[in-house]
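Subject: A structure for you to look at

Hello,

I am handing over a structure that you have not worked with before. Please open it alongside this message, and then read on for what turned up.

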Amino acid sequence: MIDRTARDKAASLAQRFICGEITNDDLEDEWPTRSEDPAVRAVNDALWFLYDDNRTHRIDLSETAPEIRDELSRCILFLRSKLPYEWPEKRLIFFNQVPLAFRILSLGLMEPLHAWLGKRHRRIEEEMNAAGDMSVWPFIRADEYTQLLHTCDDPLRPPS
């Protein structure tokens, strides 16, 4: 289900956040969290990994790695598109590596959880890789991304 209103709002917020116009707190407060559109939820999950939610701050795009900028650009382009989100609605666990210090302090009690998280992460990654081209996520096919890329303005350029 495509929620055009939520996608437009999310795309605008993501662009403003990435361009340093709003803080991480503004992004969280204004994000359309009630939307049933899976693309809005997935992009929200991806953006969460870009900032420290323990303090209020802005992103400096000039300090962001090129691969992160590319993913951000794809997220905004996808939200602006009319394409359905076709990926499996499973959340990858990016924190599957429990810090070694915590594992040691837990006297090995974290090892079963650490193993389970790692196994779950690998299984979800395999499902995602089988579903589409992960190099163009949130697009599922590279040709859709390429076609849209050539018809749109740079999504990482600050709004005028």
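Below are notes on the overall build, the salt bridges, two buried residues, a cis peptide bond and a charged patch.

Before the details, please keep in mind that this is a predicted model, in which local features need pLDDT of at least 70 and side-chain atom pairs count only at pLDDT 80 or more, while totals for chains, interfaces and linings use all residues. Residues are numbered from 1 along each chain as its sequence is written, and side-chain values use heavy atoms, with hydrogens and water left out.

**Overall build**

The protein has seven helices and zero strands, so read from the N terminus its elements go α-α-α-α-α-α-α. Helices (H or I, at least four residues) and strands (E, at least two) are DSSP runs, numbered from the N terminus. Of the 160 residues, 40% are buried. Here buried means under 20% relative accessible area, exposed means over 50%, and partly exposed is in between (1.4 Å probe, protein chains only).

The protein exposes about 9,700 Å², and carbon and sulfur atoms supply 53% of that area. Such areas come from the Shrake-Rupley method with a 1.4 Å probe, and for residues only the protein chains shown count as cover. Among contacts (heavy atoms within 4.5 Å) between residues at least 6 apart in sequence, 73% join residues at least 24 apart.

**Salt bridges**

How many salt bridges does the structure hold? There are six, counting a side-chain nitrogen of Lys or Arg within 4 Å of a carboxyl oxygen of Asp or Glu. As background, side chains of opposite charge can pair when their charged atoms come close.

One of the six pairs Asp-8 with Arg-4, with the closest N and O atoms 3.1 Å apart. The two residues sit four residues apart in helix H1 (residues 4-18), so about one helical turn separates them. Asp-8 is partly exposed at a relative accessible area of 42%, and Arg-4 is partly exposed at 29%.

Another salt bridge joins the side chains of Glu-86 and Arg-141 (2.6 Å, N to O). Glu-86 lies in the loop between helix H4 (66-80) and helix H5 (100-105), and Arg-141 in the loop between H6 and H7, so this pair ties together parts that are 55 residues apart in sequence. Glu-86 is partly exposed, with a relative accessible area of 38%, and Arg-141 is partly exposed at 34%.

Arg-141 also meets the side chain of Glu-144 in a salt bridge (3.0 Å, N to O). Through shared partners, Glu-86, Arg-141 and Glu-144 are joined into one network. Is Glu-144 buried or exposed? Glu-144 is buried, at 18% relative accessible area. Glu-144 belongs to helix H7 and, leaving aside neighbours within four places in sequence, is in contact with Leu-83, Glu-86 and Phe-139.

**Two buried residues**

Ala-6 is in helix H1 and is buried, with a relative accessible area of 5%. Leaving aside neighbours within four places in sequence, Ala-6 is in contact with Pro-32, Ser-35 and Val-40. Ala-6 and Asp-37 are 31 residues apart in sequence, and their C-alpha atoms are 7.8 Å apart in space.

Tyr-145 is placed in helix H7 and counts as buried at 14% relative accessibility. Beyond neighbours within four places in sequence, Tyr-145 is in contact with Arg-74, Leu-77, Val-136 and Phe-139. Along the chain, Tyr-145 and Leu-77 are 68 residues apart, while 8.3 Å separates their C-alpha atoms.

**A cis peptide bond**

Most peptide bonds are trans. The bond from Trp-137 to Pro-138, however, is cis, with omega near 10 degrees. Pro-138 is in the loop between helix H6 (111-131) and helix H7 (142-149).

**A charged patch**

Which residues gather in a patch of negative charge on the surface? They are Glu-28, Asp-29, Glu-30 and Asp-53. Patches are made of residues with over 30% relative accessible area and no salt bridge, with like charges joined within 9 Å and nonpolar side chains (Val, Leu, Ile, Met, Phe, Trp, Tyr) within 5 Å. Lys and Arg count as positive and Asp and Glu as negative, while His and the chain ends are not counted. The place of a charge is taken as NZ of Lys, CZ of Arg, CG of Asp or CD of Glu. Within the patch, Glu-28 is found in helix H2 (residues 24-30) and is partly exposed, with a relative accessible area of 34%.

Best wishes
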